[in-house]
Amino acid sequence: MRRHYLEPVGDHSVAGVVRRLCGVQSQVASYAELCVRLRRKTSKAGDVARALSEGRVIKTWAMRGTLHLLTPEDAGAFLSLIAAGRSWERPSWQSYFGVTPKQLDALREVVRDALGGQALTRGELIDAVIARRGYGHLGDALRSGWGTLLKPYAWQGDLCFGPSQGNRVTFTTPAAASSRWAGVPEPDEAAPAAIASYLRAYGPANADAFGKWIGAGRIGKRRLRAWFDALGPRLGEVDVGGDRQFVLAEDLDDLRSTKPTRAVRLLAGFDQFVMGPGTDDGHVTPTRRRTTVSRQSGWIAPVVLVGGVVHATWELVGDRVLVAWFKEAGAVPRRALQGEVERLSTILGRGLRLEVGAA
């Protein structure tokens, strides 16, 4: 919780929070902003949007193919490993979209040329692509709300999201979005930095957890373990309930000296504290409550943490914060919950009241 700026709450910038968390999932923009603001002592509405407009963070498809805020200095390392899975070369991908890897490589050049450092709406980018001979049949796939056909280009550092035009998204190049863009290194060069950042935020962890977080199974286990093995003496082994896991060796003393906490925190939906280890990590999300937290269509509910473990879910209905407490979690810490609701009231700029019921 200290590493996540949750106990104590930190005083870092938006980019500082995003960097520490190795990105913030941003499919739901309001949740992404709340994820960041709940980790800052002082913040204002629109801070995330300002960080985007200033190029201090960028928005792109990243971990598990979902939208994320990332810092432009670090994004390339994570994107490189995602691209290393080459998921767009799988027969299922080719069959669904009717596009071969060779055609996708050619389309990559078309997308690069169309963007050329400018920001284009989805419609403008599609028009530029299908105007090219041999690409007209891709119009429907490119119009997909999920943008699946464009994701490989995001992972290879060819495009990211630009400034919105009203309710329309735009695409641009990462270099145009931020002067801080550091490029996409080769996977074997990127792996040490990406794994080290992940372990600082989410360790103790292992190669399987890292692979699920970054690629949802798209990267081969053999390659993941080779990347971990290459870190060698930089890794420190930790026993977690009989499981062999790792932190950075330089962090072992810090881990040993960290005292347990019973701090209570409200977290937004899709919060990185839950997403980093994954909802199948029973140390954070109790196994029997996984489906309570991870719901249909990949929806991850807002949760209440007590001492780093999920004890409840919550939702905002009007001016009420409705907490659904897990009965097996024991007594409800009402005073601490009330304090969190008051903090949320300050963040959202309106009065809120706490209501607690059973999950």
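Colleague: Where in the chain is T173 found?

Modeller: This is a predicted model, and in it T173 sits in the loop that runs between strand 6 and helix 10, the latter covering residues 174–177.

Colleague: How should I read its accessibility, and is T173 buried or exposed?

Modeller: A residue is called buried when its relative accessible area is under 20%. T173 has 17% relative accessibility and therefore counts as buried. Leaving aside residues up to four places away in sequence, T173 touches L115, G117, D158, L159 and C160.

Colleague: L115 brings me to the helices, so how do helix 6 and helix 7 pack, and at what angle?

Modeller: Helix 6, residues 101–115, and helix 7, residues 122–130, pack at an angle of about 125 degrees, and their axes are 10 Å apart. Angles from 65 to 115 degrees would be roughly perpendicular and those over 145 roughly antiparallel, and the two helices are therefore described as oblique to each other. The crossing of helix 6 and helix 7 is right-handed.

Colleague: Which residues make the contact?

Modeller: Helix 6 contributes L107, V110, V111, A114 and L115, while helix 7 contributes L125, A128 and V129. Sorted by class, this contact of helix 6 with helix 7 holds 8 nonpolar residues, with no polar and no charged ones.

Colleague: Which residues of helix 7 are buried, and why are they on the same side of helix 7?

Modeller: The general idea is that an α-helix has 3.6 residues a turn, so residues three or four places apart point the same way. In helix 7 the buried residues are R122, L125, I126 and V129. They cover an arc of only 100 degrees around the axis, which places them on the same side of helix 7.

Colleague: What do the buried residues of helix 7 pack against?

Modeller: The buried residues of helix 7 pack against helix 6, strand 4 (120–121), helix 8 (139–142) and strand 6 (168–172).

Colleague: How do I read a contact between residues distant in sequence, and how many residues apart are R64 and I214?

Modeller: One sets the separation along the chain beside the separation in space: R64 and I214 are 150 residues apart in sequence, and their C-alpha atoms are 5.7 Å apart. R64 is placed in the loop between strand 2 (58–61) and strand 3 (67–70), and with 18% relative accessibility it counts as buried. Not counting residues up to four places away in sequence, R64 touches Q25, K212, W213, I214, G215, A216, R218 and M275.

Colleague: A216 is in that list, so what is the phi of A216, and where is A216 found?

Modeller: Phi of A216 is near 50 degrees, which is a positive value in a residue other than glycine. A216 belongs to the loop between helix 12 and helix 13 (221–231), and A216 is partly exposed, its relative accessible area being 48%.

Colleague: What is the phi of Y5, and is Y5 buried or exposed?

Modeller: Y5, in the segment before helix 1, has a phi near 60 degrees, again a positive value in a residue that is not glycine. At 11% relative accessibility, Y5 counts as buried.

Colleague: Which residues does a cis peptide bond join?

Modeller: The angle to read is omega, and it is about 0 degrees for the cis peptide bond joining E7 and P8. P8 lies in the segment before helix 1 (14–20). A cis peptide bond also joins G203 and P204, with omega about 0 degrees, and P204 is found in the loop between helix 11 (187–202) and helix 12 (207–215).

Note on methods:
Residues numbered from 1 in each chain as written. Predicted model: local features only at pLDDT ≥ 70, side-chain atom pairs only at ≥ 80, totals over all residues. Heavy atoms only, no water. Axes fitted to C-alpha atoms, helices over the stretch in contact; angles between N-to-C directions. Helix = DSSP H or I, 4+ residues; strand = E, 2+ residues; numbered from the N terminus. Parallel < 35°, antiparallel > 145°, perpendicular 65-115°, else oblique. Left-handed = near helix turned anticlockwise from the far one by under 90°. Contact = heavy atoms within 4.5 Å. Nonpolar A, V, L, I, M, F, W, Y, C, P; charged D, E, K, R; others polar. Buried < 20%, exposed > 50% of the residue type's maximum accessible area, 1.4 Å probe, protein only. Arc of directions from axis to C-beta.
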